[in-house]
Amino acid sequence: MSNTGFRCCIALCIAVVLGAPLAQAISIGSTTPTGNTNNVARNASIVIQFDTPLDTASITSSSFRVWGAQTGPVAGTTQFSNGDQTLTFTPSVTYFPGDWISIQLSHSITGANASSLRSAGYAFQFQARTGVGSMSSTEIDVVSVSLEGETTRLYGGAITDLNEDGWIDYIGVNEISHDLRVLLNSADGSGLLGPVLEPPTPIGVQASPNTVADFNNDGLMDVATGNTESDNASIALGSGDGHFSSVQNRDVAVFPHGIVALDVDGDADLDLVLASDLGHALTLLVNDGAGVFGEGVQFVDEDNDGKYALGAGDMNGDGIIDLVVGTTGKRILVLTGNGDGTFAQAEDIGSGGYGWKLVLGDVDDDGNLDVAQANGGNASGSILLGNGDGTLQSPAIYSFNGGAVGSSLGDLDGDGDLDWVVSSYSAGEWYVMRNDGDGTFTRVETIPAPLNASCASLYDFDNNGSLDMALADESSDEILLRRNDGGVEPPDEIFVNGFEGT
């Protein structure tokens, strides 16, 4: 090459570098619904406003995911407007009443100018509206999960539409028989459950809380559990008919209890985090996108406090899902996500009791997530209001008759705010607490358990729009089905997949 040609080549390279700076990361200006909103219409479209025209081909079923814990993966149509800066997703089904709808956007989404979404991706959630209901319920059936009278110790249940028929099914999580037992919804509007599908699906020993998600992005819902005696997590992939096609077990820190599914690294795949009591640690299991999880990565704080209860949600409004941890030392920690699989502690506050089980929701309707915790052996529960920046207010403590081990939120009466159901193992009772509209609660009903109450699942089992209850008793191995007294009668003609009659 001549000197003149060499100089021209260098000049061209410099011009390219100086004249074409790297594109700025795509930003999301707004979403509709906004994150953490309650009482959203069950057919609501999702609108996301970007600051840059998109490469619309980068919006795929892997990079843009809409799903509900009960509804499952949500099908729909995607349209672009405003010069491809606005994405509108219109669901083809209605969300189940009271369901948390999650939206994940991957860092693989690109702009027309070759820019991309930040490496952390973006995530937000909202809660679907419930229909007319009341704070009272009537028992319609008691269902056993035992086969031939054996003891299973029904710790609790997962609820989701396992077989894609538009009705929510019940998956019993059992400690002694260490298995999952599926009872399909009868799908006839009665709310009744069918018999246990055989054979049960083996999982780790003494399974504790569970979480549901579509881990392998095949459109079918899966179940994951933390197993306290075998010190591992079990991930059971659904086959679409109420059975599970495979189970993967992954070692975690000693004596795991709480478990949550969230995208920790911005790729829109659902990863897992587990809280461990004796291991004093949180364990991260990263999903490869196909539902296969890598080896556990542990992260801990320095005080050796047992980690027990666990929740996940966007506590500071930055579009990254955070962790809320209840400890055996009567503290709650908020760990905000960095979007790269790591977390930073934003809060360490006294909770008023042993953190056995916690759930997140906006109980005072200010747009910020709050914490409702069952305080273990302390015969109480705590409500801690969120400030929207990852910090919490001091707990409001509610006394109960025995050790509280279950905490559930849902709009039972259909008035737009979240009510609270607390399960007490030692007292053998469930407590139904009405939200007074400002995040304070009044007990309105006490429901006796056959033996020991372990958890309450709030969902619409008869597809009439109101929230019913499935109450698990871990000593009698029974599920008490209680229909909401204020719900409308199911329509004469039953429609599936949430299209009509809702």
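## Salt bridges and an internal cavity

D436 and R434 are joined through their side chains in a salt bridge, with an N to O distance of 3.7 Å. Both partners fall in the intermediate class of accessibility: D436 is partly exposed, at a relative accessible area of 39%, and R434 is also partly exposed, at 32%. The model in which this pair is found is a predicted one. Over the whole structure, a search returns 10 salt bridges, and three of the pairs are described here.

### Buried pairs

A second salt bridge links R181 with D179, whose closest N and O atoms lie 3.0 Å apart. Here the cut-off for burial is a relative accessible area under 20%. R181 counts as buried because its relative accessibility is 3%, and D179 counts as buried because its value is 7%. This pair does not stand alone, since E150, D179 and R181 are linked in a network of salt bridges.

The side chains of D305 and R331 form a further salt bridge, at 2.5 Å from N to O. D305 belongs to the loop between strand 23 (297-299) and strand 24 (307-313), whereas R331 belongs to strand 26 (residues 331-337); the salt bridge therefore ties together parts that are 26 residues apart in sequence. Both D305 and R331 are buried.

The distances for the three pairs are set out below.

| Salt bridge | N to O distance |
|---|---|
| D436 and R434 | 3.7 Å |
| R181 and D179 | 3.0 Å |
| D305 and R331 | 2.5 Å |

### The second largest cavity

The structure also encloses empty space: there are 6 cavities of 30 Å³ or more. The second largest cavity holds about 80 Å³ of space. Its lining is made up of 13 residues, and those closest to the centre of the cavity are N39, Q127, A128, D411 and L418. Two elements each give two or more residues to this lining, namely strand 2 (37-40) and strand 9 (122-128).

Which classes of residue make up the lining of the second largest cavity? There are 7 polar residues, together with 3 nonpolar and 3 charged ones. Among the residues closest to the centre, N39 and Q127 are polar, A128 and L418 are nonpolar, and D411 is charged.

### Summary

In this predicted model, the salt bridge of D436 with R434 has partners that are partly exposed, whereas D305 and R331 are buried. R181 and D179 are likewise buried, and they share a salt-bridge network with E150.

Note on methods: Residues are numbered from 1 along each chain as its sequence is written. This is a predicted model: local features need pLDDT of at least 70, side-chain atom pairs count only at pLDDT 80 or more; totals for chains, interfaces and linings use all residues. Side-chain values use heavy atoms; hydrogens and water are left out. On a 1 Å grid over the protein atoms alone, a cavity is a set of points where a 1.4 Å probe fits but cannot get out, and a pocket is an open set with protein on both sides within 12 Å along at least five of seven lines; lining residues have an atom within 4 Å of a point. Grid points are joined across faces, edges and corners, and a volume is the space filled by probe spheres set on the points. Helices (H or I, at least four residues) and strands (E, at least two) are DSSP runs, numbered from the N terminus. A salt bridge is a side-chain nitrogen of Lys or Arg within 4 Å of a carboxyl oxygen of Asp or Glu. Buried means under 20% relative accessible area, exposed over 50%, partly exposed in between (1.4 Å probe, protein chains only).
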